[in-house]
Amino acid sequence: MNLSAIIFFLLVMLYNTFKDNFKRLKKRTGKMKKSCKEIKEELVMQRAKEMWLGIDTFYCATSHPERAKAIESFLKNEFFPLLKKTDNVAEFACAEGEYTLMVAPHVNKIDAFDLSERFILKAKKRMQENGITNVNFVGNGVDVTTFTISEKYDAFVCLGLFSYIPERKKADHVVEQIAGSLSKGSPLVLNDKIWKGKTRLHLKKKLGAISRSKEEYLSLFEKDFEVLKAVTLQECDQFEGFACIMVKK
Ligand SMILES: C[S@@+](CC[C@H](N)C(=O)[O-])C[C@H]1O[C@@H](n2cnc3c(N)ncnc32)[C@H](O)[C@@H]1O
């Protein structure tokens, strides 16, 4: 037997001896990787909530005028034609009621939700100032990632929310609640920032957010919804402002 045959024979013996240990180690490392990802997502989610609860005002037309214009024309051209005056609608992440105000005249009623009590107070004032009486703000700050919807709706509005729900389980819960409240063929309008490469978590001192890849973003909805219309509202180097209308399967 030459030397290389002896080495090969020894390596095979060594592998057979430690085979089970290798497998166990591989499995454990896999689990550890998963939990590191989950821990980071939890941290980002926590930071996102702190961020929104610490902000006094968010009005897209003031902070991001281009985005606001693009969303407004997307709603007018693609979403409003799908609505009926008798429709009961829900909106998650209504903030100060910027888009609530635009949707309200087209429907019977809107139930609007947001995490921030400060935003809800401002939104209520804005509705009053504009003579809008068909919007019901649910609670004084509701975390929709733990909320259970008991009502049925004819349409759903969810603009700029999923970027602040990095935890997959929580995002799945929100989609499940939205889907459960709609009947077949009902529309859901969405807008979020989509990362052009792989999904990215943003964790800074005062920022917590997720920019999902388009593939991952769409995968959140694929079980319950199909895409009716999808457009790029804004294009930047690394991300795109993505808007779409989905219909319940
Ligand atoms: C980027 S703003 C979008 C506001 C508005 N829909 C728009 O498109 O301009 C995100 C909003 O989501 C709300 N939000 C973030 N996390 C939330 C949560 N877990 N539950 C409810 N609202 C949440 C924030 O308070 C904030 O008003």
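Visitor: Which residues is Glu98 in contact with, leaving aside its neighbours within four places in sequence?

Guide: Glu98 is in contact with Tyr59, Cys60 and Ala61, once its neighbours within four places in sequence are set aside. Please keep in mind that this is a predicted model, and that the contacts here are computed from its coordinates.

Visitor: How far apart are Glu98 and Phe58, in sequence and in space?

Guide: They are 40 residues apart in sequence, and their C-alpha atoms are 9.2 Å apart in space.

Visitor: And where does Glu98 sit, and is it buried or exposed?

Guide: Glu98 lies in the loop between β1 (88–92) and α4. It counts as buried because it has 21 C-beta neighbours inside 10 Å, and the cut-off for that class is 20 or more.

Visitor: What other residues are found in that loop?

Guide: Ala93 is found in the loop between β1 and α4, and Ala95 has its place there too. Ala93 counts as buried, with 25 C-beta neighbours inside 10 Å, and Ala95 counts as buried with 26.

Visitor: What about the phi angles of those two alanines?

Guide: Ala93 has a positive phi of about 65° although it is not a glycine, and Ala95 has a positive phi of about 50°, again without being a glycine. As background, most residues other than glycine have a negative phi.

Visitor: Switching to the ligand, which residues come nearest to it?

Guide: Of the 19 residues around the ligand, the nearest are Ala93, Ala95, Leu115, Leu159 and Gly160. Two of these names have come up already, since Ala93 and Ala95 are in the loop between β1 and α4.

Visitor: How does the shell around the ligand split by class?

Guide: By class, the shell has 13 nonpolar residues, three polar ones and three charged ones.

Visitor: Back to β1, then: how many of its residues are buried?

Guide: Four of the five residues of β1 are buried, and the strand is mostly covered.

Visitor: Which strands does β1 pair with, and in what sense?

Guide: β1 runs parallel to β2, with five bridges joining them, and it also runs parallel to strand β4 (residues 155–159), with four bridges. As individual pairs, Asn88 has Lys109 as its bridge partner in β2, while Ala90 stands opposite Phe156 in β4.

Visitor: Which strands pair in the antiparallel sense?

Guide: Strand β9 (residues 239–248) is part of two such pairings: β5 (residues 187–195) and β9 are antiparallel over nine bridges, and nine bridges also join β9 to strand β8 (residues 225–235), which runs antiparallel to it. In the β5 pairing, the bridge partner of Lys193 is Gly241 in β9, and in the β8 pairing Glu226 stands opposite Val247.

Visitor: How many residues lie between β8 and β9?

Guide: Three residues lie between β8 and β9, and the two strands form a hairpin.

Visitor: Let's look at α5; how does its span agree with what it should be?

Guide: Helix α5 (residues 117–129) has 13 residues, and at 1.5 Å a residue it should span 18 Å; its end C-alpha atoms are 18 Å apart, so the two agree.

Visitor: Which of its residues are buried, and what do they pack against?

Guide: The buried residues of α5 are Arg118, Phe119, Ile120, Lys122, Ala123 and Met127, and the buried residues of this helix pack against α4 (100–103), β2 (109–113) and β3 (135–137). Just after α5, Gly131 takes a positive phi of about 65°.

Visitor: And Ser73, is that one buried or exposed?

Guide: Ser73, which is found in helix α3 (residues 65–79), is exposed, with 11 other C-beta atoms within 10 Å. Its C-alpha atom is separated by 9.8 Å from that of Leu233, although the two are 160 residues apart along the chain.

Visitor: Stepping back, how many helices and strands does the protein chain have?

Guide: The protein chain has seven helices and nine strands. Its radius of gyration is 23 Å, well over the 18 Å that the globule rule gives for 249 residues, so the chain is more spread out than a compact globule. The C-alpha atoms fill a box of roughly 95 × 40 × 40 Å along the principal axes.

Visitor: What share of the residues count as buried, and how much of the contact count is long in sequence?

Guide: Of the 249 residues, 34% count as buried. Among contacts with a separation of 6 or more, residues 24 or more positions apart account for 69%.

How values were computed. Residues are numbered from 1 along each chain as its sequence is written. This is a predicted model: local features need pLDDT of at least 70, side-chain atom pairs count only at pLDDT 80 or more; totals for chains, interfaces and linings use all residues. The radius of gyration is taken over C-alpha atoms; the globule rule is 2.2 Å times the number of residues to the power 0.38. A residue is buried if 20 or more other C-beta atoms lie within 10 Å of its own, exposed if 12 or fewer, and partly exposed in between; C-beta atoms are placed from the backbone. Two residues are in contact if their C-beta atoms, placed from the backbone, lie within 7 Å. Two strands pair if DSSP finds at least two bridges between them. The expected span of a helix is 1.5 Å times one less than its number of residues. A residue is near a molecule or strand if its C-beta atom, placed from the backbone, lies within 6 Å of it. Ala, Val, Leu, Ile, Met, Phe, Trp, Tyr, Cys and Pro count as nonpolar, Asp, Glu, Lys and Arg as charged, and the others, Gly among them, as polar.
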